[in-house]
Amino acid sequence: MCRAIAKMPNNYAVEGTMARTVGIGIQDFDKIITSNFFYIDKTSFIKEWWESGDSVTLITRPRRFGKTLNLNMLNYFFSVEHADRGDLFEHLSIWEEEKYRKLQGTYPVINLTFADVKSRSFESVKKEIYLLLVNLYEKNRFMLESDLFTEVEKELYNAVSMDMDEVIAAKAIQRMCDYMYRYYGKKVIVLLDEYDTPMQESYVSGFWEEMVAFIRS
């Protein structure tokens, strides 16, 4: 019940010739568009990816290649949280097709970044990941007010905490996909950014084996 994507490619199509400020390091699509900063229109990737029909997409590109910005752009395009932000895309290529205008802001999206998970011990890294999961669950707690979930499911929802068992953590994203699917009636788009960061830290700091087992689950 999920469609997942990690990192994104960049399809360059320069628009216009008017000189604009280049916002170095800005990874917020909303800020770039509303501040009229220089932006290379990559929204055609939305159509390319959507029509590919892939269940999982993995994109690897060099640093500073715009992967995080593209993920942020996808979140603004698809997420029900941004259902009223079609204005961000009105002058971009994706808005030329009515089919995609109707898609904007209509899907449940889980958007997670592991960019700041950089602790030097396995337990600390695990806690940082737990915090991401706890924040995700707290953000969507309003769903529990519906009558879609059993008491057991509500107990499992509430079991996602900083003190949760690894088994609960390992299934947390999968279960959230299920909860959101039932609440919104649509499959969930999962955007994962920088998921390799904790792996790099574990290799450097000497807890690679523990981290591999945890992340794999």
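# Notebook: helix packing, rings and odd phi values

I started with the fold and counted 10 helices and 4 strands in the chain. The model is a predicted one, and I kept that in mind throughout. Going along the sequence, I wrote the order down as β-α-α-β-α-α-β-α-α-α-α-β-α-α. I then looked up burial for the whole chain: of its 217 residues, 44% are buried. I also checked how far along the sequence the contacts reach. Taking contacts between residues at least 6 apart in sequence, I found that 76% join residues at least 24 apart.

**Helix 3**

I went to helix 3 next, residues 67-78. Helix 3 has 12 residues and runs 17 Å from first C-alpha to last, close to the 16 Å expected at 1.5 Å a residue. How many of its residues are buried? I got 12 of 12, so I noted helix 3 as mostly covered. The buried list includes Lys67, Thr68, Asn70, Asn72 and Asn75, along with Leu69, Leu71 and Tyr76.

**Helix 2 against helix 3**

I looked at what packs on helix 3 and picked helix 2, which covers residues 44-52. The two axes come within 11 Å and cross at roughly 75 degrees. That crossing falls in the 65 to 115 range, so I logged helix 2 and helix 3 as roughly perpendicular to each other. From helix 2, the contact uses Phe45, Ile46, Trp49 and Trp50; from helix 3, it uses Met73, Leu74, Phe77 and Phe78. I sorted these contact residues by type and got 8 nonpolar, no polar and no charged.

I also checked Ser44, which is in helix 2. Ser44 has a relative accessible area of 36%, so I put it down as partly exposed. Its C-alpha is 8.6 Å from that of Leu92, with the two positions 48 residues apart along the chain.

**Helix 9 against helix 10**

My second helix pair was helix 9 (residues 197-205) with helix 10 (residues 208-216), whose axes come within 8 Å and cross at roughly 160 degrees. That angle makes helix 9 roughly antiparallel to helix 10, since the cut-off for that label is over 145. Which residues make this contact? I found Pro198, Met199, Ser202 and Tyr203 on helix 9, and Trp208, Met211, Val212 and Ile215 on helix 10. The split here is 7 nonpolar, 1 polar and no charged.

**Aromatic rings**

I searched the whole structure for aromatic pairs and got 21. I opened up Phe149 with Tyr179: the pair is edge-to-face, 5.2 Å centre to centre, with 85 degrees between the planes. Phe149 sits in the loop between helix 5 (122-139) and helix 6 (151-158), while Tyr179 is in helix 8 (residues 172-184), so the pair links distant parts of the chain, 30 residues apart. Are these two rings buried or exposed? Both Phe149 and Tyr179 came out buried.

I compared notes with Tyr183 and Tyr184, another edge-to-face pair, at 5.0 Å centre to centre and 75 degrees between the planes. Tyr183 has 33% relative accessibility and counts as partly exposed. Tyr184 is partly exposed as well, at 29%.

I then followed ring pairs from one residue to the next. They link Phe29, Tyr39, Trp49, Trp50, Tyr76, Phe77, Phe78, Phe89, Trp95 and Tyr107 into a cluster. Going back to the helix 2 and helix 3 entry, I saw Trp49, Trp50, Phe77 and Phe78 listed there too.

**Strand 4 and the residue after it**

I looked up Asp193 in strand 4 (residues 188-193). With a relative accessible area of 5%, Asp193 is buried. Its C-alpha lies 7.5 Å from that of Leu71, although the two are 122 residues apart in sequence. Leu71 is one of the buried residues of helix 3.

Glu194 is in the loop between strand 4 and helix 9. What is its phi? I read a positive value, near 55 degrees, in a residue other than glycine. Glu194 is partly exposed, at 22% relative accessible area, and the cut-off for buried is under 20%.

**Another positive phi**

I also noted Asn36, with a positive phi of about 60 degrees although it is not a glycine. Asn36 lies in the loop between helix 1 (29-34) and helix 2. Its relative accessible area is 42%, so I entered Asn36 as partly exposed.

How values were computed. Residues numbered from 1 in each chain as written. Predicted model: local features only at pLDDT ≥ 70, side-chain atom pairs only at ≥ 80, totals over all residues. Heavy atoms only, no water. Axes fitted to C-alpha atoms, helices over the stretch in contact; angles between N-to-C directions. Helix = DSSP H or I, 4+ residues; strand = E, 2+ residues; numbered from the N terminus. Parallel < 35°, antiparallel > 145°, perpendicular 65-115°, else oblique. Contact = heavy atoms within 4.5 Å. Nonpolar A, V, L, I, M, F, W, Y, C, P; charged D, E, K, R; others polar. Expected span 1.5 Å × (residues − 1). Buried < 20%, exposed > 50% of the residue type's maximum accessible area, 1.4 Å probe, protein only. Phe/Tyr/Trp six-rings, centres within 6.5 Å; stacked < 30°, edge-to-face > 60°.
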